[in-house]
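Q: Could you walk me through reading the empty spaces and the strands in a model like this one?

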Amino acid sequence: MKNLQKEFPVLSQNTYLNTASSGLLYDSLLDYRQEHDLDFLIGGSMFRDHQEQFLNTVRKSIADFCGGTSENTVLTPNFSIGFNTILNGLEKNKKILLLDEDYPSINFSVKSKEFEVCYAEINASLEENISEAIAQYSPDIFAFSLVQYINGITIDLDFLKNLKIKHPNLLIIADGTQFCGTKVFNFEQSGVDILGCSGYKWLLGGYGNGFLLFKEGVLKQLTPNSYLKTSLNSSYDPSYTNIRSRYECGHLDTFNFGSLQHSIQFLSKIGLSEIEEKIKELSTYAKHNFTDLGVLDKVAKQRNDNSAIFNIKGDQKLHNTLKEKNIITSLRGNGIRISLHFYNNKEDIDKLVGILHRYR
């Protein structure tokens, strides 16, 4: 993977530890985008003549990559828009279980729509907390991030599978924005009913693209009766009235979704299992070093699973110091967030650790 670093110009000048904020643009994706817009420049409206067939290939690429089906794959500009569309179709008497301090696009969206809400605490006993909350509150829906954006805490996938078996009527909605592109995952075999994702982080797809995967029957189940009734009595083209178009209303940008497809193919060519192994190696190395330094988030120290995200002790002053040294991170929560992708290496971690040693 060392040669792949040449694809990412940012890495020649920076130690980039910030994929959890934004994935990187790379040379071959830039080439694709320039060719795309050149075709549009030359073709005008004729360039869009086959856009629906093209978007079908994008849905298939996403489904194949995540282990879903193209028929139940919905394209959306980002996770937040897709998730809010789901919420807008739900009856207000639904009780929704959330994780405290989860991503605002989940928690704020749910709370702002006045659903009945209950919580499970994010700590070292996360799965146990979820089980206890379900037993206590009997929620209809569980909505959460697979990987927590502040500290990288990851929900055990086997736990979710068993949770669905134990509670078959519980609708499980997962945000995979900090997950998809980091591990091999089969949606159809998982305990998740709906998986949503924005493509600009670990999938390296750039901004303005995302998707929702639905298990068979769930998409129709969540479509309001008023929408279904109106569509049956409508003479409009089905592309305006089918159950997928409730999420895909208006035009879909072939530039953005083509970028996502290009990056999915790019990652697939590298091999998602290879990427997973590289991230695991880097995460283990980083956790060992952060633990030795005493800077690691205490909850992360108690968990066995290592995601690609860590939160270490630090403030604005340290963040500025790192930036002056061209080490790119994010201030999140009460510390500094570090995130590692396949284009990182142990030397990146060593550089960070060296500065942390001197800063103490």
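Q: Which residues line the largest cavity?
A: Rolling a probe the size of a water molecule over the atoms shows where empty space is left. This is a predicted model: local features need pLDDT of at least 70, side-chain atom pairs pLDDT 80 or more, while totals for chains, interfaces and linings use all residues. Residues are numbered from 1 along each chain as its sequence is written, and side-chain values use heavy atoms, without hydrogens and water. Here the largest cavity (1 Å grid points over the protein atoms alone where a 1.4 Å probe fits but cannot get out; lining residues have an atom within 4 Å of a point) is lined by Asn151, Gly152, Ile153, Thr154, Lys287, Ala300, Arg303, Asp305, Asn306, Ser307, Ile309 and Phe310.

Q: How much space lies in the largest cavity?
A: About 80 Å³, counted as the space filled by probe spheres set on the points. The second largest cavity has about 60 Å³, and its lining includes Tyr103, Ser145, Asp175 and Lys201.

Q: In what order do the 7 strands of the open sheet lie?
A: Strands of a sheet pair through backbone hydrogen bonds, either parallel or antiparallel. In this model the order is S2-S8-S7-S6-S5-S3-S4, with mixed pairing; strands are DSSP runs (E, at least two residues) numbered from the N terminus, and a pair needs at least two bridges. S2 (73-76) and S4 (116-120) stand at the edges with a single partner strand each, so one side of each lacks a neighbour in the sheet.

Q: In which sense do S6 and S7 pair?
A: S6 (residues 171-175) and S7 (residues 194-198) pair in the parallel sense over 3 bridges. Asp175 has Gly196 in S7 as its bridge partner, and Asp175 also lines the second largest cavity.

How values were computed: On a 1 Å grid over the protein atoms alone, a cavity is a set of points where a 1.4 Å probe fits but cannot get out, and a pocket is an open set with protein on both sides within 12 Å along at least five of seven lines; lining residues have an atom within 4 Å of a point. Helices (H or I, at least four residues) and strands (E, at least two) are DSSP runs, numbered from the N terminus.
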